[in-house]
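Here are a few exercises to work through with the model open next to you. Try each task before you read its solution.

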Amino acid sequence: METEKALVDKDYLLQKFEGKGGWTYVEIPDIPMPKTSFGMLKVKGKIDDYEFSNVRLMPLGNGHLMLAVKSEIRKKIKKQAGDTVHITLYEDNLPTVIPEELVLCMKYEDNILEKFETYSDGEKKAFVDWIYSAKTEQTKVDRIAKTITMIESGEKFYKIW
């Protein structure tokens, strides 16, 4: 991370949305709203001494982005809403890792893996997450088969529903 240019590297105030179950977050006005779907930006970095990756900054609704700070992180850094935290963020451009068994299934069918590789990282991740969220092995197998059929016909994941 040291060779990359940080998007931010400074102190921020932990805030909390009002009401029961309100999220704890940090408002980050220093990073411009990305021109991505839903205005989200994938980042990696540190909150105090806690390292993380594959986290998305989300629009706050006022033109700024926010970083949600889960309770497990707050416990580890011993901070709550109202406290100041030091945040260092970098853009996280690592591609989605495609499990080896899925790669092998795709290689078995002509040009499926090659077609899948042309999909956006978000599309690939959506398929992988859907397949591997299956509760049974049979459901996972069925989802792999459905994925291959969809890729064969050029369909995107979000058209399933």
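**Exercise 1. The last helix**

Which residues of α5 are buried?

Solution. Keep in mind that the model is predicted. Step one is to go through α5 with the cut-off for buried, under 20% relative accessible area. That leaves K140, R143, I144, T147, I148, M150 and I151 as the buried residues of α5. Step two is to see how they sit around the helix: they span an arc of only 165 degrees about the axis, which places them on the same side of α5. The background is handy here: an α-helix makes a turn every 3.6 residues, so residues three or four places apart point the same way. Step three is to find the partners, and the buried residues of α5 pack against α2 (100–108), α3 (112–117) and α4 (121–132).

Now check the length of α5. Helix α5 covers residues 137–152, and at 1.5 Å a residue its 16 residues should span 22 Å; the end C-alpha atoms are 23 Å apart, which agrees. Just past the helix, α5 is followed by G154, with a positive phi near 80 degrees.

**Exercise 2. Two sides of α2**

Sort out which residues of α2 are buried and which are exposed on the other side.

Solution. Start with the buried set: L102, V103 and M106. Their arc around the axis is only 100 degrees, which puts them on the same side of α2. Turn to the other side of α2, and you find E100, K107 and Y108 exposed. To finish, look at what the buried residues pack against: α3, α4 and α5.

**Exercise 3. Length and cover of α4**

Compare the expected span of α4 with the distance between its end C-alpha atoms, then say what covers its buried residues.

Solution. First the length: α4 has 12 residues, which at 1.5 Å each should span 16 Å, and its end C-alpha atoms are indeed 16 Å apart. Next, the buried residues in α4 are E123, K124, A126, F127, V128, W130 and I131. Their cover includes α2, α3 and α5.

**Exercise 4. Stepping back to the domains**

How is the chain divided into domains, and what distance separates their centres?

Solution. Domain 1 takes in residues 8–91, and domain 2 takes in 100–153. Taken over C-alpha atoms, the centres of domain 1 and domain 2 lie 32 Å apart.

**Exercise 5. A pocket and its lining**

Find the second largest pocket and work out which element gives the most to its lining.

Solution. The volume of the second largest pocket is about 270 Å³. It is lined by 16 residues, and V55, A68, V69, K70 and I73 are the closest to its centre. Then go by element: β4 (50–59), β5 (65–68) and α1 (71–77) each supply at least two lining residues. β4 gives the most, with five residues.

**Exercise 6. Neighbours in a strand**

V85 and H86 both need placing. Is V85 buried or exposed, and what are the contacts of H86 beyond its sequence neighbours?

Solution. Take V85 to begin with. V85 lies in strand β6, residues 84–91. Its relative accessible area is 0%, and the cut-off for buried is under 20%, so V85 is buried. Leaving aside neighbours within four places in sequence, V85 is in contact with K10, D11, Y12, L14, V26, I47, D48, I77 and K79. For contrast, try F157: V85 and F157 are 72 residues apart in sequence and 38 Å apart in space, C-alpha to C-alpha.

Move on to H86, also placed in strand β6. With a relative accessible area of 30%, H86 is partly exposed. Its contacts, again leaving out neighbours within four places, are D9, K10, D11, K46, I47 and D48. For K46, the C-alpha separation from H86 is 7.9 Å, although their positions lie 40 residues apart in the numbering.

**Exercise 7. Positive phi without glycine**

Where are D48 and K78 found, and how accessible are they?

Solution. D48 is in the loop between β3 (41–47) and β4. Its phi is positive, near 50 degrees, in a residue other than glycine. At 22% relative accessibility, D48 counts as partly exposed. K78 is in the loop between α1 and β6. Phi of K78 is positive too, about 55 degrees, and K78 is not a glycine either. K78 has a relative accessible area of 72%, so it is exposed.

Technical notes
Residues numbered from 1 in each chain as written. Predicted model: local features only at pLDDT ≥ 70, side-chain atom pairs only at ≥ 80, totals over all residues. Heavy atoms only, no water. Domains from an automatic or database assignment. Helix = DSSP H or I, 4+ residues; strand = E, 2+ residues; numbered from the N terminus. Expected span 1.5 Å × (residues − 1). Buried < 20%, exposed > 50% of the residue type's maximum accessible area, 1.4 Å probe, protein only. Arc of directions from axis to C-beta. Contact = heavy atoms within 4.5 Å. 1 Å grid on protein atoms, 1.4 Å probe; cavity = no way out; pocket = protein on both sides within 12 Å on 5 of 7 lines; lining within 4 Å. Points joined across faces, edges and corners; volume = space filled by probe spheres on them.
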